[in-house]
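Trainee: Could you take me through one part of this model closely, and then show me how it sits in the whole chain?

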Amino acid sequence: MTRINGKKIFITGVSGFIGSYTAAAFLSEGAEVYGLIRPGSMERAICRMKELSGREELSHFHAVSGCIEDIGSLEGLPGHIDCFLHFAWGGVNRREIDEEDIHRRNAEASLGLVRLAASLGAELFMDAGSRVEYGIKADGIMEESMDCDPINAYGRNKLKFYKEARDLCGRLGMGYIHLRYFSVYGKGDHPWSIISTLTRELPKGEKVALSACRHRWNFMEVRDAARAVVLLYKNRSGSGSSMEGYDIVNIASEDTRVLREFTEEIHKLSGGKGELCYGEFIQAKEGPLSICPVTERLKLLTGGEFREEITFSQGISELIEYNRNQDRT
C-alpha cells in the first residue's frame, strides 16, 4: 500500500458534490491537491474546501483556473502529478440527462483530459462513471463484468467514454479505474434529490410526493464514497499489475433495500412529521428501476480495508440537524 502524504492529486469537478468531498479526503491524508475550478466558481469552491477540510489555511490545496472544454488555457497547472481524478460532467439533471449533444461534448472533452494527465506524468487516471451505464437489469443486480445497455444519453456517453479512456490509458501507459457511483447522498447534494427533499421537508411537516417506492434502492453517504476512492488509490498505486482486468469498480453501499424502507426510516427520524405521499410522483421514463449493486470488487481492490463508517440512520440524522440549522440562519 502506498502512502498518500505528498502525492500530487489533480481533481476536476472539485466544486461539485462528490469531487469536493474526495478532494477533502485526499487533503486529510496529506496529499497536494490541484483542483480545477471555473473562474466564476472560485470563491465558492475555496470556501467549500475550507469547510470540508476543517482548515482555514489551505496550504496543500492549489486552485487551477479553467474548464475542461478548453484545457489549453488552464492556469496554475503543476509540472507533474501522480494521479488524475475526473469528476466534472455537465447535464446531470433530469431536464438535460437525455440531451445527446451535451453528453457527447462531455465525453470528447474528457478524452482531452486523459491526454493531459499523461502529459503531466500521471500513473493513474480515475473517472466518475454511473450506475446508469448498466441500464435495466433483472432484479436490479449490477456487477462490473456485466454487459451494459444504457437507456439515456448520459449513460451512453459515460459508457462510450469508459471504453475509449480505457484503451487510451493503455496506449499512454497509465493505469485506469472507472468508478461507477450509485446513489450517493450527504450535505451539499442536489436540493432536488430524494434524500435532500425528505430530510428538508418532513421535519417541517410538509407533504412529499413520491413514487410507489416498491423497487429496491441503495444509498451511500458521500464521506464513505470519498474514502473508498482514497483506499482504491492507495492499493492501486502500490499493487503493480494486480488490478489487471478490474478497471471498473462499483462505488455503493452494502445496504440495499426496498426504497419504501428507506423513506419510512427517514420519516421516523424526522419525528413522524410530514407526510409521505406514495404514488403521486411522476416517474422518469425508465420507470421504477431497481438497483442492487454488487460490491465485492470494491472490497477486493481495497485489500478488505474498506468498510462503511456511516450508517444510513447516522447520515440521515446529521442531514436533518444540518437542515434545521440552515433554517435558523
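Mentor: Happily; here is a look at one arginine, followed by the chain around it.

This is a predicted model, in which local features need pLDDT of at least 70 and side-chain atom pairs count only at pLDDT 80 or more, while totals for chains, interfaces and linings use all residues. Numbering runs from 1 along each chain as its sequence is written, and side-chain values use heavy atoms, with hydrogens and water left out.

Let's start with Arg 180, found in strand β7, residues 175-181 (strands are DSSP runs of E, at least two residues, and helices runs of H or I, at least four, numbered from the N terminus). Arg 180 has a relative accessible area of 0%, so it is buried (under 20% relative accessible area, with a 1.4 Å probe and protein chains only). Its side chain meets that of Glu 133 in a polar contact of 3.0 Å (a pair of N or O atoms within 3.5 Å, where within protein one must be able to donate a hydrogen and the other to accept it, and residues adjacent in sequence count only if both atoms are side-chain atoms). Leaving aside neighbours within four places in sequence, the residues in contact with Arg 180 include Glu 133, Tyr 134, Glu 144, Tyr 162 and Asn 250 (contact means heavy atoms within 4.5 Å).

Stepping back, the chain has nine helices and 14 strands. Of its 329 residues, 54% count as buried. Among contacts between residues at least 6 apart in sequence, 81% join residues at least 24 apart. The C-alpha trace spans about 55 × 45 × 40 Å along its principal axes.

Conventions:
Buried means under 20% relative accessible area, exposed over 50%, partly exposed in between (1.4 Å probe, protein chains only).
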